[in-house]
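Let's take a walk through a structure together. Keep the view open beside you and turn it as you read.

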2 protein chains.
Amino acid sequence: MKNCLCLLVVCIMHCSAYSQNVKKDSATLKQISNHILTNYQCYKDLRELCKTIGHRLSGSPQAEQAVIWGKKVLDQIGCDRVFLQEVMVPHWVRGEEKASFITAKGKKIPVVISSLGNAVGTGPEGIRAQIVRADNMDELKRMSRADIEGKIVFFNYRFDQKNINTFESYGPCVYYRWGAPSEASKLGAIGVVIRSVSSAYDNKPHTGSMRYDTKYPAIPSVAISNVDADELEKMLAQPGKVSMEMMTTCQMLEDVKSYNVVAEIKGSEVPEEIICFGGHLDSWDIGEGAHDDGAGVVQAIEVMRTFKQLGIKPKRTIRAVLFMNEENGLRGGVKYAELAELNHENHILAIESDAGGDVPLGFSMEMSRAQKEKVKSWKPLLEPYGVHNFEHNGGGADIGPIHRKMNVPMMELLPNSQRYFDVHHSANDVFENIHRRELCLGSVAMAHMVYLVSMYGL
Amino acid sequence: MKNCLCLLVVCIMHCSAYSQNVKKDSATLKQISNHILTNYQCYKDLRELCKTIGHRLSGSPQAEQAVIWGKKVLDQIGCDRVFLQEVMVPHWVRGEEKASFITAKGKKIPVVISSLGNAVGTGPEGIRAQIVRADNMDELKRMSRADIEGKIVFFNYRFDQKNINTFESYGPCVYYRWGAPSEASKLGAIGVVIRSVSSAYDNKPHTGSMRYDTKYPAIPSVAISNVDADELEKMLAQPGKVSMEMMTTCQMLEDVKSYNVVAEIKGSEVPEEIICFGGHLDSWDIGEGAHDDGAGVVQAIEVMRTFKQLGIKPKRTIRAVLFMNEENGLRGGVKYAELAELNHENHILAIESDAGGDVPLGFSMEMSRAQKEKVKSWKPLLEPYGVHNFEHNGGGADIGPIHRKMNVPMMELLPNSQRYFDVHHSANDVFENIHRRELCLGSVAMAHMVYLVSMYGL
């Protein structure tokens with residue numbers, strides 16, 4: 001009953017906010033949606049990014065091309081200003097990689113591997129050692145140095161298919177990619193192979209960032225696909241020892257100069273209040289970075305294009321940011337926050353799109369309760385576009401630094417999560433796996449949110 | 001304010017309904033979801049249906065195989081009874097079909113066509129005539145008999161990309177497939193070619209049901225893909241006349257005996273109250289009928305399997321129905337309603353899944369206001385599974401007859417609609433375009449709704 005009364009109060013607040021300009025806003029939102037869905041320029045942009053540049057890991061020539069491409073596309077839109085923010089980024093290169101399992105009977109079975117990002121290589125001479133399986137950290141910790149020393153640890157932690165939101169399954173898996181290799185090294189392992197962090201049962205390994213604990217030797221660390229991990233499980237269940245040969249030549253080179261790409265339309269009434277939004281230009285070096293995060297990049301560009309082409313004048317300044325180096329360093333996000341502080345910029349909101357290009361269902365929010373209520377008061381305007389879920393906390397990786405440093409409220413676009421981890425960080429993250437209307441609806445959702453905050457503040 | 005007070009009353013009703021057994025129901029719903037997502041037997045069933053039987057138009061040998069397959073799978077589950085309902089169905093066969101455009105300069109350009117379901121053929125000798133374009137019915141009606149007589153009418157009505165719910169775009173297009181051919185015949189046309197009723201820009205034509213107005217000659221009617229329709233538009237915009245040659249041998253044969261497949265688990269407390277749910281076994285004769293409606297079929301089967309395997313005893317009788325002949329006659333749905341009336345069955349709800357196997361977002365409802373409120377009181381239980389939208393009216397084609405005849409409340413599962421009309425009725429409606437987790441979540445949503453109604457009635 002008490003809850004119901006609270007709801008009534010909230011309702012009345014909503015009713016009053018909702019009635020304000022609701023007809024005009026509703027028409028503008030529809031105009032934005034019609035424009036994006038019938039022109040689908042963001043889809044054409046993504047095709048160009050994926051097919052003419054392709055994957056674009058920080059420090060690579062393709063990342064440099066992506067910066068030039070992003071600036072060119074934003075320049076053509078006619079924003080008030082387009083500028084670059086210089087940032088030094090890590091430059092990790094994959095090189096060659098190959099591996100085989102060796103069964104107890106000595107049979108060699110080639111397996112496709114993908115070195116984890118930032119990992120060291122084995123060098124051209126490679127390594128060969130017995131495989132020891134640990135299904136999770138508890139299992140590893142129950143083993144002694146004698147069990148592990150000189151061996152390759154197989155982290156066989158599975159993506160939990162029971163969660164409805166697949167990000168809840170991704171979270172616990174990530175430690176086995178990010179931190180577990182050093183836990184194995186601590187016990188004397190000479191290499192690590194992990195079951196891919198993925199919802200898909202296919203033969204594609206999924207890479208992703210890792211970090212070494214400098215207290216222990218840095219050891220080569222690779223991922224294998226879920227199908228190959230199942231095969232390895234079966235081999236290990238047979239009597240006798242299973243070994244692995246692997247040769248990887250990945251290495252970290254000197255830092256390279258790169259850039260965030262930023263485009264701005266000045267606010268007509270409160271230009272000092274800035275709403276920034278975007279995704280990351282860099283991607284892993286396999287696949288084409290279509291969902292991660294070409295989608296976020298072209299959606300941010302599409303927001304700017306739509307405002308300009310429809311002649312919508314935001315009251316507050318809106319700023320699209322194509323961040324560099326989200327995948328293996330976050331240097332772009334950190335640099336953006338540093339410069340915002342240095343320049344005494346007043347960001348009232350940061351929005352990220354980095355959860356794939358599938359159909360949008362809502363936004364997560366990390367902000368005050370009052371701010372959340374204000375956003376939720378726009379629900380009746382957004383629900384006709386399928387954007388209904390405002391119940392999750394959280395923002396995004398690239399806007400994390402400005403949120404922490406300057407307490408800027410943040411949001412993240414929440415697309416349908418069912419398909420994302422099928423392709424994420426793998427050779428399957430290609431343009432063909434993007435759906436035109438769903439990508440466009442993500443652009444629509446971003447443009448709608450940017451429009452409402454630019455008109456009414458937060 | 002008045003609306004707010006109404007909402008308060010509804011809230012209080014909700015609060016009381018929600019508290020009742022909420023913990024136990026919540027646990028059962030989670031158990032159902034875990035079971036389906038980790039076993040994904042419905043996905044394996046669909047692979048079998050699509051890959052060993054394939055498409056299965058009413059009257060075809062494959063439709064007969066699908067009946068045997070459906071009964072066998074349901075028998076294996078151990079339902080209280082599995083039975084067939086005999087029904088005579090139309091038997092339309094496509095035969096051969098080929099066509100070309102002939103440009104003003106006499107160049108012949110082959111084009112892929114798909115005869116509309118139930119259409120007559122040209123016969124092996126084929127037809128050749130000038131093409132006249134009508135973008136919509138108004139344009140046709142402005143033309144005279146002299147404009148049309150002896151010609152082939154090109155209905156160039158476009159799928160509206162601006163609607164968010166793609167079913168809203170499908171609706172208006174359907175007339176151009178279903179009824180427009182006779183409107184052209186009325187003015188003396190000798191053939192019709194329509195732009196495919198589809199959201200996709202690809203080179204696959206989409207078939208679908210049509211009906212002739214017996215007052216006018218039945219004329220050959222075919223679909224071309226959106227890409228080919230664009231090409232034809234361009235040709236027609238050039239000076240000179242464009243013609244088309246087409247040869248189709250489709251024909252309607254004698255009716256064939258076929259069956260609905262029905263499986264039942266008797267209610268433990270109120271067995272006389274029946275909840276039926278299902279999809280249709282037949283499909284068009286191109287593609288594999290994966291989304292339309294293999295998905296609905298395997299989801300209905302999965303509901304029964306899940307109840308049996310988890311030992312869930314419904315208080316009311318639950319009944320999975322695999323309907324025959326939804327696509328070009330609806331004879332199975334009509335027969336089911338006739339038999340229900342004849343046997344004085346008390347159906348308290350009919351649920352259909354025939355809108356594809358993509359991620360479920362809600363249910364439409366066609367029932368009394370009080371019944372709708374009862375269903376909506378379960379929202380807090382269903383929202384964690386992404387099922388949040390209960391705002392649409394409507395049921396489904398196969399359950400329409402029982403709804404109209406016996407006033408049975410009806411619902412339809414509402415999956416994400418963005419992708420459905422890309423593949424619907426085309427060669428692209430194949431198993432590979434089904435997403436495992438999304439299909440499973442559809443089964444989960446169906447099982448949840450069936451469970452709640454079986455426990456609490458409607």
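Where does A:Asp293 lie? A:Asp293 is found in helix 10 (residues 290-310) of chain A, where helices (H or I, at least four residues) and strands (E, at least two) are DSSP runs, numbered from the N terminus. Before going on, note that this is a predicted model, in which local features need pLDDT of at least 70, side-chain atom pairs count only at pLDDT 80 or more, and totals for chains, interfaces and linings use all residues. Residues are numbered from 1 along each chain as its sequence is written, while chains are lettered from A and ligands numbered from 1 in the order in which they are written.

Let's step back to chain A as a whole. Chain A holds 16 helices and 15 strands. Its radius of gyration is 24 Å, close to the 23 Å that the globule rule gives for 458 residues, so chain A is as compact as a globular protein of that length. (The radius of gyration is taken over C-alpha atoms, and the globule rule is 2.2 Å times the number of residues to the power 0.38.) Along the principal axes, the C-alpha atoms of chain A fill a box of roughly 75 × 55 × 40 Å.

Chain A is divided into domain 1 (22-92 + 254-456) and domain 2 (95-249), with bounds that come from an automatic or database domain assignment. The C-alpha centres of these two domains of chain A are 34 Å apart. Their contact takes 15 residues from domain 1 of chain A and 17 residues from domain 2 of chain A; two residues are in contact if their C-beta atoms, placed from the backbone, lie within 7 Å. On the domain 1 side, helix 15 (residues 420-423) of chain A gives the largest share, three residues. That side of domain 1 of chain A divides into six nonpolar, seven polar and two charged residues. Here Ala, Val, Leu, Ile, Met, Phe, Trp, Tyr, Cys and Pro count as nonpolar, Asp, Glu, Lys and Arg as charged, and the others, Gly among them, as polar.

Now for some backbone details. Most residues other than glycine have a negative phi, and most peptide bonds are trans. With that in mind, look at A:Asp292 and A:Asp293, which are joined by a cis peptide bond with omega of about 5°. In chain B, a cis peptide bond joins B:Asp292 and B:Asp293, with omega about 5°, and B:Asp293 is placed in helix 10 of chain B. Another spot to find is A:Tyr40, a residue other than glycine whose phi is positive, near 35°. A:Tyr40 sits in the loop between helix 2 (22-39) and helix 3 (41-53) of chain A.

Which way does helix 3 of chain A pass helix 10 of chain A? The crossing is right-handed, meaning that the near helix is turned clockwise from the far one by less than a right angle (anticlockwise would be left-handed). These two helices of chain A pack at an angle of about 135°, with their axes 9 Å apart. Axes are lines fitted to C-alpha atoms, for helices over the stretch in contact, and angles run from 0 to 180 degrees between N-to-C directions. Helix 3 and helix 10 of chain A are therefore oblique to each other: angles under 35 degrees count as roughly parallel, over 145 as roughly antiparallel, 65 to 115 as roughly perpendicular and the rest as oblique. Residues in this contact include A:Leu46 and A:Leu49 of helix 3 of chain A, and A:Val298 and A:Ile301 of helix 10 of chain A. By class, the contact has nine nonpolar, three polar and three charged residues.

Helix 10 of chain A also meets helix 16 (residues 436-456) of chain A, where the axes come within 9 Å and cross at roughly 55°. That angle makes helix 10 of chain A oblique to helix 16 of chain A. Among the residues making this contact are A:Ala295 and A:Val303 of helix 10 of chain A, with A:Gly442 and A:Met446 of helix 16 of chain A.
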